[in-house]
Structures are given as C-alpha cells and as structure tokens.
Amino acid sequence: MDSKNSTLCERTETNPTILLQKSIILLLSRWYALQMAIENQWAGSDSLQKSQQLAADLFSLFSKSKALVPIEELENLLYECMLLTFNTEIEDGSIEQVAEQLFVIHEEYLLRQSS
C-alpha cells in the first residue's frame, strides 16, 4: 500500500463520524435476529434495504444527538422496527443486548467528538 492510501486509511479510522457509521453497520450485521429477518425476507423483497435504513436512522439519531440516547429508547426503537418493519417479535433478549452495545457505540462517539 502506498503512503497516500495509508494516510487515507489512518484518517478514516480516526474520524469519529466514519467510526460511528462503521460500528453501527458492523453491530447490525452481527445481530442474528436481524440477519434472519433479512435472509428470510420478513419485511418483503426489500428487507436488506430496510435494514440499511435502520442503520441510517441510528446513525442520524446518534450523530445529531449531543447527549446519550437512553438504552430504553434504543430498545423501543429496535423493538418497533423489528415488529413493524420486519413483522416479527424478538424475545431472545437480543434487542436489549444490541441496545446496550449501541449505547456504548454512541458514548464512544460522543467522547471522540469532544476530544
């Protein structure tokens, strides 16, 4: 890799906004319930696009918020998305786990923004 590409990668990795976006996408890509909903097209043939919209909505919420979004609000957002968009109720505790991880991602973003 040449020095120009190396510098770009270093800037990308330290940019709080890009890190926020990548972290949200990575977390959602590892959420088994959401991946099952996409794979089985529980939200229709555009299930993948709807999951991408969830990531975009979370990114927008976090990037515009100067204060931490409460875990309960994140849980409600995820629950409503899975129920209303993907037509499924998730009862395996993963919504709470994902909400907690999103909370940490947002907290780290806010700390990076203030540095």
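Read along the sequence, the chain follows the pattern α-α-α-α-α-α. It thus comprises six helices and zero strands in this count, and the model is a predicted one. Of the 115 residues in the protein, 31% are buried.

**Nonpolar core**
- The largest nonpolar core contains 28 residues, among which Ile-24, Leu-28, Trp-31, Leu-34, Leu-78, Phe-86 and Leu-102 touch the most other members.
- At least two residues of this core are supplied by each of helix 2 (16–29), helix 3 (32–39), helix 4 (47–64), helix 5 (71–85) and helix 6.
- Helix 6 provides the largest share of the core, with seven residues.
- In soluble globular proteins, nonpolar side chains tend to be buried together.

**Charged residues**
- The structure holds one salt bridge.
- This salt bridge joins the side chains of Lys-50 and Asp-46, at 3.5 Å from N to O.
- Both partners have intermediate accessibility: Lys-50 is partly exposed at a relative accessible area of 29%, and Asp-46 is partly exposed at 32%.
- A negative surface patch is made up of Glu-89, Glu-91, Asp-92, Glu-96 and Glu-100.
- One member of the patch, Glu-96, belongs to helix 6, which spans residues 94–114.
- Glu-96 has a relative accessible area of 37% and is therefore partly exposed; because patch residues must have over 30% relative accessible area, this value satisfies the cut-off.

**Backbone conformation in the loops**
- Most residues other than glycine have a negative phi.
- Gln-41, which is not a glycine, has a positive phi near 55°.
- Gln-41 is located in the loop between helix 3 and helix 4, and its relative accessible area of 45% makes this residue partly exposed.
- Asn-87 likewise is not a glycine and has a positive phi, of about 55°.
- The position of Asn-87 is in the loop between helix 5 and helix 6.
- Asn-87 counts as exposed because its relative accessible area, 56%, lies over the 50% cut-off.

**Helix 6 in summary**
- Helix 6 covers residues 94–114 and includes Glu-96, a residue of the negative surface patch.
- Helix 6 also contributes seven residues to the largest nonpolar core.

Note on methods
Residues numbered from 1 in each chain as written. Predicted model: local features only at pLDDT ≥ 70, side-chain atom pairs only at ≥ 80, totals over all residues. Heavy atoms only, no water. Patch = residues over 30% accessible without salt bridge, like charges linked within 9 Å, V, L, I, M, F, W, Y side chains within 5 Å. Areas by Shrake-Rupley, 256 points an atom, 1.4 Å probe, with all protein chains shown as cover. Salt bridge = Lys/Arg side-chain N within 4 Å of Asp/Glu carboxyl O. Lys, Arg positive; Asp, Glu negative; His and termini not counted. Charge placed at Lys NZ, Arg CZ, Asp CG, Glu CD. Helix = DSSP H or I, 4+ residues; strand = E, 2+ residues; numbered from the N terminus. Buried < 20%, exposed > 50% of the residue type's maximum accessible area, 1.4 Å probe, protein only. Core = buried A, V, L, I, M, F, W, Y, C linked by side-chain atoms within 4.5 Å.
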